[in-house]
Amino acid sequence: MHDHMDHVTGLEKRELLAHLAGDCDPFRMLAIKKGPGTYECPNLIPSAFNKRIVGCVCHPDTNHIEYMWLHLGEPKRCGCGYWFELCPIAPL
Amino acid sequence: MNYNNNNHPFHLVDYSPWPLTGAIGVMTLVTGMIKWFHEFNLNLLMLGYLIVILTMYQWWRDICRESTFQGKHTIKVSKGLRWGMILFIMSEVFFFLSFFWAFFHSSLSPNIEIGMMWPPMSIITFNPFQIPLLNTIILISSGVTVTWTHHSLMENNFSQAIQSLFITITLGIYFSIIQSYEYFEASFTIADCIYGSTFFMATGFHGLHVIIGTIFLFICFIRLLNYHFSNIHHFGFEAAAWYWHFVDVVWLFLYIFVYWWGK
């Protein structure tokens with residue numbers, strides 16, 4: 001039988017390589033803890049495309065999520081005051 | 001290189017004709033069954049079988065291509081398939097539950113018409129300590145050998161994986177041959193009161209599942225010989241092994257309650 005590394009291919013291989021390199025979230029799907037979120041230093045949201053939906057949990061005890069589309073090159077502010085900006089990344 | 005314009009671990013499958021051909025196939029199958037019942041003509045039924053078998057072969061072949069050859073089965077996809085197989089086996093558990101319910105309904109409170117006894121008057125049951133015990137030992141042993149196969153796979157031991165899977169399949173075929181011999185030798189038929197009905201419906205569907213499980217394991221054997229599995233990623237085999245253990249457990253319930261308690 002072959003070594004698993006010789007066996008994998010395609011997206012499965014890229015995912016495995018990313019995990020071995022220490023990246024536990026290669027598809028950038030997990031929640032991100034907010035930073036300062038000011039206009040000068042917005043929360044950077046990684047996306048391989050021109051737009052992505054962002055969900056803001058405004059306060060720790062908020063019971064809903066504020067969703068908004070974020071477009072490339074257009075920083076946006078949630079109602080709670082935090083700023084978000086799309087940050088281009090390469091797809092896996 | 002990502003050719004799919006997405007950046008997620010999920011598998012959005014390419015367009016495929018097999019769901020449609022599968023639907024056409026099963027419709028042809030059941031219509032053919034009716035035609036067989038009423039007009040004693042097997043043609044449409046055979047056509048239905050052919051379409052369904054071709055669909056199954058091509059659909060699962062495509063899944064092997066998407067996973068082993070194209071690498072589209074990420075960890076998330078594998079987890080989804082695991083849940084899918086578990087839910088499917090759960091549905092099969094409920095399917096067998098209904099036949100066991102029928103068995104207990106009639107055997108715990110036997111009707112006056114069968115003599116208020118179980119087994120009913122004049123039914124000569126199988127001795128549970130003869131052939132049925134051999135079948136029990138065969139299936140339990142096959143559960144051991146399939147686990148041996150899994151560990152061999154995980155330890156990258158190719159030759160032992162082949163040997164143990166071959167033994168598992170052989171034991172499965174051995175069970176089916178012996179059970180069909182028992183069916184021929186039975187002193188009662190499915191038409192022989194409620195005992196025959198519950199016995200043959202329960203053991204009959206179980207036998208069908210043994211054959212399905214054996215075929216599934218055999219496909220895994222072919223894939224193993226063609227190096228489709230690695231020591232870490234071999235969910236197709238795991239699904240077959242889960243199904244095989246399920247078949248084994250159903251037989252244990254059958255043996256204890258239908259064959260042994262019911263004798």
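**Cysteines, helices and backbone exceptions in a predicted model**

Good morning. I begin with a pair of cysteines: the closest cysteine sulfur to that of Cys56(A) belongs to Cys78(A), at 3.8 Å, which is too far for a bond. Please keep in mind throughout that this is a predicted model. A disulfide, as a general matter, is a covalent bond between the sulfur atoms of two cysteines. The cut-off applied here is 2.5 Å between sulfur atoms, and because Cys56(A) and Cys78(A) have their sulfurs 3.8 Å apart, they are not counted as a disulfide. Over all chains, the count of disulfides comes to zero.

How do the surroundings of individual cysteines compare with solvent? Cys56(A) has 1% relative accessibility and counts as buried. Cys193(B), at 30% relative accessibility, counts as partly exposed.

Let me turn to confidence. The model scores ipTM 0.87 and pTM 0.93. For chain B, the mean pLDDT is 96, and 98% of the residues of chain B reach 70 or more.

Now to the architecture of chain B. How many helices and strands does chain B contain? There are seven helices and zero strands, and the pattern along the sequence reads α-α-α-α-α-α-α. Taken along the principal axes, the box filled by the C-alpha atoms of chain B is roughly 75 × 45 × 30 Å. Chain B has 263 residues, of which 43% are buried. Consider next the contacts in chain B between residues at least 6 apart in sequence: 74% of these join residues at least 24 apart.

As for the surface, chain B exposes about 15000 Å², and carbon and sulfur atoms supply 72% of that area. Chain B carries 9 positive and 12 negative charges, and the mean positions of the two sets are 14 Å apart.

I come next to a residue of chain A with contacts in chain B. Glu12(A) is found in helix H2 of chain A, which covers residues 10-20. Is Glu12(A) buried or exposed? With a relative accessibility of 10%, Glu12(A) counts as buried, because the limit for that class is under 20%. Which residues are in contact with Glu12(A), leaving aside its neighbours within four places in sequence? In chain A there is His4(A); in chain B there are Ser67(B), Gly71(B), His73(B), Thr74(B) and His233(B).

Finally, some backbone exceptions in chain B. Most residues other than glycine have a negative phi, and most peptide bonds are trans. Against that background, the peptide bond from Trp118(B) to Pro119(B) is cis, with omega near 0°. Where does Pro119(B) sit? The place of Pro119(B) is the loop between helix H3, residues 75-108, and helix H4, residues 131-154.

Two residues are notable for phi. Asn156(B) is not a glycine, yet has a positive phi of about 60°. Asn156(B) is placed in the loop between H4 and helix H5, the latter covering residues 158-185, and counts as partly exposed at 29% relative accessibility. Tyr227(B), likewise a residue other than glycine, has a positive phi near 60°. Tyr227(B) lies in the loop between helix H6, residues 193-225, and helix H7, residues 235-261. The relative accessible area of Tyr227(B) is 42%, so Tyr227(B) is partly exposed.

To close, I return to the opening topic: the model contains zero disulfides over all chains. Thank you for your attention.

Conventions: Residues are numbered from 1 along each chain as its sequence is written. Chains are lettered from A and ligands numbered from 1 in the order in which they are written. This is a predicted model: local features need pLDDT of at least 70, side-chain atom pairs count only at pLDDT 80 or more; totals for chains, interfaces and linings use all residues. Side-chain values use heavy atoms; hydrogens and water are left out. Helices (H or I, at least four residues) and strands (E, at least two) are DSSP runs, numbered from the N terminus. Buried means under 20% relative accessible area, exposed over 50%, partly exposed in between (1.4 Å probe, protein chains only). Contact means heavy atoms within 4.5 Å. Accessible areas come from the Shrake-Rupley method with a 1.4 Å probe; for residues, only the protein chains shown count as cover. Lys and Arg count as positive and Asp and Glu as negative; His and the chain ends are not counted. The place of a charge is taken as NZ of Lys, CZ of Arg, CG of Asp or CD of Glu. pLDDT is the predictor's confidence in each residue, from 0 to 100.
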